[in-house]
Structures are given as C-alpha cells and as structure tokens.
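This report introduces the strand arrangement and the nonpolar core of one chain to a reader new to it. The sequence and the structure are shown first.

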Amino acid sequence: MDKVRKNKFSTAAYYFLLSVSATVLFSFALYNGNDLTNGGFENGDFRWNKWWGLELDNVNKHTGEVSCKIQAKPDEWRGASQVIECPRSAKKIIVSGWMKTHEIFPIGKPWNNARIGVRFMKTRDEEDMENYVGKKYPPVVGEAHATSGWKKYKRKYKIPKGCNFIEINLMCGNATGTAWFDDIHAELK
Ligand SMILES: [Ca+2]
C-alpha cells in the first residue's frame, strides 16, 4: 500500500472502531443494568400494571420528576406491579427500590403495611393464585409503616426452579395512609 492509501485505510478503520465503541457505550447507557422498564416512573405508568391504584406524584419523588403513589384503603389491598420475563439461565435476582410512607397504619394483620414484594411465577398471569413457584410468599424486599422518609430497600433472591416470569409489586395492605415508591430496580444474574 502506498502512503496515501495506507492513511485512508487507517482513517476508515479508526472511524469504524469509533462507531462500534459508540454503539456499545450507547446500548450500555440505555440498558443501565435495570431489567425493569420505567422503574423511576419518568415515563408515567408505562409497563406498570396499575389496576390496584397506581397514581403519579410530581411533588413527593425520590429522583426525577415523578414517583408512584399508592393510597391505602382499609377494605382492600392496593398496589401496582410489573412482570418481567425470567430467562432459563438466570439464577438470582436482586431487587431494590425506594419507599416513603405517611401515616400507614395496618388494619387487622401487622403485614398490612407498605411493601415492595416479589412473586415467582410459571406464566404471566397475575390473577392466577396457583401460579406460584417456590415459596408462595417470599420475604419482601422491604416494608414500612407509620411515617418514614425516603429509604432504600434491597434483597437478593435465588430464583426457584420452573420460574418463567417474575412479578415485582408495590403494595399497601388493608391500611390507612399513603406510600410512595421510586427508582425500582431489578437485576437478573
Ligand atoms: Ca422518579
């Protein structure tokens, strides 16, 4: 190769490598290690199942502009959830999230408080109460009652055999008061 062609070749190779690294970095930035989508509620309720009362709050939030607010009710469980696919290769999941409460007072049972929980399931069907694999009620990621400031809760779970889907839920049991949730994060390993 003469000098000019060699230079052109090096320049082309340089730009090619640059674009590859940019793509890799960009995908990494987009993924940010969170297997949940919209864990910070900055895209509203996108991807969250909200039928038990997900409200968006732009006053009380941990980061960004918005958090998830759940108003407890004395006569029913309230909450929101997101279901993620669990690949066969995944052995563990680390779930974390921030929670804040205002005057959450359980009615009846002490576990009727504000909580971040996990369910390991065979299918995507959240309504099916026979859909559990492993422990029916695994220990919660975190729970809070009365009035508490923003606090991070985190727990690592071993994924039970036969699990194809994992539900992350943000809940208030039968109670009075309000809870807020933000920056919910799940990492499959
Ligand atoms: Ca947020």
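I70 stands opposite A179 in β10. The model in which this pairing appears is predicted. Strand β3 (residues 67-71) and strand β10 (residues 175-188) run antiparallel and are joined by four bridges. Both belong to an open sheet of five strands.

The two five-strand sheets are set side by side below.

| Strand order | Pairing | Average turn between neighbouring strands |
|---|---|---|
| β2-β3-β10-β5-β8 | antiparallel | 30°, direction ignored |
| β1-β4-β9-β6-β7 | antiparallel | 25°, direction ignored |

In the sheet that contains β3 and β10, the edges are held by β2 (55-57) and β8 (146-158); each has a single partner strand, so one side of each is left without a neighbour in the sheet.

In the sheet with the order β1-β4-β9-β6-β7, β1 (49-52) and β7 (142-144) are the edge strands, each pairing on one side only. β7 is joined to β6 by three bridges, and the two run antiparallel. Within β7, G142 is the residue opposite I116.

The largest nonpolar core has 31 residues, of which C68, I70, M99, L170, C172, A179 and F181 touch the most other members. Two or more residues come from each of β3, β5 (92-106), β6 (114-121), β9 (165-172) and β10. The greatest contribution is that of β10, with six residues.

Which residues are in contact with F181, leaving aside its neighbours within four places in sequence? They are S67, C68, G97, W98, M99, I116 and L170.

Terms used: Residues are numbered from 1 along each chain as its sequence is written. This is a predicted model: local features need pLDDT of at least 70, side-chain atom pairs count only at pLDDT 80 or more; totals for chains, interfaces and linings use all residues. Two strands pair if DSSP finds at least two bridges between them. Axes are lines fitted to C-alpha atoms, for helices over the stretch in contact, and angles run from 0 to 180 degrees between N-to-C directions. A nonpolar core is a set of buried Ala, Val, Leu, Ile, Met, Phe, Trp, Tyr and Cys residues joined through C-beta atoms within 7 Å. A residue is buried if 20 or more other C-beta atoms lie within 10 Å of its own, exposed if 12 or fewer, and partly exposed in between; C-beta atoms are placed from the backbone. Two residues are in contact if their C-beta atoms, placed from the backbone, lie within 7 Å.
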